[in-house]
Amino acid sequence: VTTLDLERLVEAHPRLPLVRAAELAECAALALEARGHEPGIELAIEVLENRDAARVVWTRRGPANASMRNAHRIIEDGADGVTLAVIGTRKWRVLRCLQRGTYADWLVVDETGTERALEIAGTAEGNLATALRREQGQVDRSPYSQRSVCVVRFADPRLVLEHRP
Amino acid sequence: VTDLDDLYEAVSRAIADAEGMPDERFRDAAAAWLHVARLERAIAEQTSASTVSGEAARIGAVRAALQGRDVGLACELARLYVADATLGERPRAELERLRSQAEADLATLTTRDPQILPVNAKIVA
């Protein structure tokens with residue numbers, strides 16, 4: 001089983017600013033801990049309809065850190081952190097972040113060298129299929145030619161990533 | 001900053017700074033967005049309009065100019081980028097939309113500006 005180390009996002013994505021990588025890792029850790037998960041929890045992964053699993057590890061933060069951050073930001077940035085860790089193991093790389101309001105969060109290059117606008121969303125305990133449909137609608141409004149969407153659920157950790165036509 | 005890798009990192013940081021600016025610091029926010037616009041333009045100059053990074057830079061430059069309240073620059077850039085025949089359908093539609101918005105904003109500003117009229121005067125030593 002692949003190990004995803006949330007503390008090593010920058011190694012997979014060297015263009016990700018260090019401060020931002022640290023924020024994403026922290027939020028991912030806090031989102032998982034808030035649902036009672038410990039480092040080493042298994043994440044179910046579905047990338048382009050291929051199912052897989054990985055063990056997620058991080059340095060424990062504790063509840064005191066969570067109280068200093070907005071709960072919505074923890075879920076959204078946490079989903080970004082988990083997703084970037086997963087795609088990093090698949091040879092995808094972050095090129096840059098995208099401006100808010102363009103219905104995509106990151107510009108990434110996939111393992112084939114194709115550039116893609118990637119929209120990521122998280123849900124604590126909500127229905128993953130519903131969240132995926134909502135985000136499909138968002139990214140379909142995005143102005144970029146190549147688009148992908150990813151959703152992360154933290155309650156029973158699960159990630160789904162797909163390309164959009 | 002001229003290297004494309006460095007520009008990508010710089011624009012990510014600049015967008016985070018501009019988006020994180022509180023509402024009451026609107027002058028600083030405008031300056032921060034104009035910095036984003038400069039970086040996006042620099043990326044646009046080094047990337048083809050037919051790539052997703054080229055699309056993002058062109059759309060990003062116009063959006064950032066609008067956020068930075070430089071409507072004239074937003075109009076100029078949108079017209080320039082839309083004229084590129086290699087631009088895809090989706091980004092073209094977005095740039096056309098932004099161009100219409102910028103032109104409407106510019107028309108409003110022009111109407112609101114005070115009129116400057118010549119005055120007959122004679123300066124005597």
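Helices and strands are DSSP runs, numbered from the N terminus, with at least four residues for a helix and at least two for a strand. With that in hand, we can place Ser67(A), which is found in the loop between α3 (63-66) and α4 (71-89) of chain A. The model you are looking at is predicted. Let's walk through some loop residues in chain A, then the helix packing in chain B, and finally the cysteines.

**Loop residues of chain A**

- Ser67(A) counts as exposed, because its relative accessibility is 62% and exposed means over 50%.
- Ser67(A) and Arg141(A) are 74 residues apart in sequence, and their C-alpha atoms are 34 Å apart in space.
- Most residues other than glycine have a negative phi. Keep that in mind for the next two residues.
- Glu49(A) has a positive phi, near 70°, and is not a glycine. You can find Glu49(A) in the loop between β2 (41-47) and β3 (50-57) of chain A, where it is exposed at a relative accessible area of 72%.
- Lys91(A), also a residue other than glycine, has a positive phi near 65°. Lys91(A) sits in the loop between α4 and β4 (93-97) of chain A, and with 57% relative accessibility it counts as exposed.

**Helices α4 and α5 of chain B**

- Two packed helices are described by the angle between their axes and the distance between the axes.
- For helix α4 (residues 71-82) and helix α5 (residues 89-112) of chain B, the axes come within 8 Å and cross at roughly 150°. That angle makes α4(B) roughly antiparallel to α5(B), because angles over 145 degrees count that way.
- The crossing in which α4(B) passes α5(B) is left-handed.
- On the α4(B) side, residues making the contact include Val71(B), Ala74(B), Cys75(B), Ala78(B) and Val82(B). On the α5(B) side, they include Arg92(B), Leu95(B), Arg99(B), Leu106(B) and Leu109(B).
- Sorted by character, the residues of this α4(B) and α5(B) contact are ten nonpolar, one polar and six charged.

**Helices α3 and α5 of chain B**

- Helix α3 (residues 52-67) of chain B also packs against α5(B): their axes come within 10 Å and cross at roughly 15°. The two helices are therefore roughly parallel to each other, since the angle is under 35 degrees.
- The crossing of α3(B) and α5(B) is left-handed.
- From α3(B), the contact residues include Glu55(B), Ile59(B), Val62(B) and Leu66(B). From α5(B), they include Pro91(B), Glu94(B), Leu98(B) and Gln101(B).
- Seven nonpolar, one polar and six charged residues make up the contact of α3(B) with α5(B).

**A closer look at Glu94(B)**

- Glu94(B) lies in helix α5 of chain B.
- Is Glu94(B) buried or exposed? Glu94(B) counts as buried, because its relative accessibility is 13% and buried means under 20%.
- Leaving out residues up to four places away in sequence, Glu94(B) touches Pro143(A), Ile59(B) and Arg63(B).

**Cysteines**

- How many disulfides does a search of the whole structure find? The search finds zero over all chains.
- Cys150(A) is in no disulfide, and the nearest cysteine sulfur, that of Cys27(A), is 16 Å away. For a disulfide, the two sulfur atoms have to be within 2.5 Å.
- Cys150(A) is buried, with a relative accessible area of 0%.
- Cys75(B) is buried too, at a relative accessible area of 1%, and takes part in the contact between α4(B) and α5(B).

Definitions and conventions: Residues are numbered from 1 along each chain as its sequence is written. Chains are lettered from A and ligands numbered from 1 in the order in which they are written. This is a predicted model: local features need pLDDT of at least 70, side-chain atom pairs count only at pLDDT 80 or more; totals for chains, interfaces and linings use all residues. Side-chain values use heavy atoms; hydrogens and water are left out. Axes are lines fitted to C-alpha atoms, for helices over the stretch in contact, and angles run from 0 to 180 degrees between N-to-C directions. Angles under 35 degrees count as roughly parallel, over 145 as roughly antiparallel, 65 to 115 as roughly perpendicular and the rest as oblique. A crossing is left-handed if the near helix is turned anticlockwise from the far one by less than a right angle, and right-handed if clockwise. Contact means heavy atoms within 4.5 Å. Ala, Val, Leu, Ile, Met, Phe, Trp, Tyr, Cys and Pro count as nonpolar, Asp, Glu, Lys and Arg as charged, and the others, Gly among them, as polar. Buried means under 20% relative accessible area, exposed over 50%, partly exposed in between (1.4 Å probe, protein chains only).
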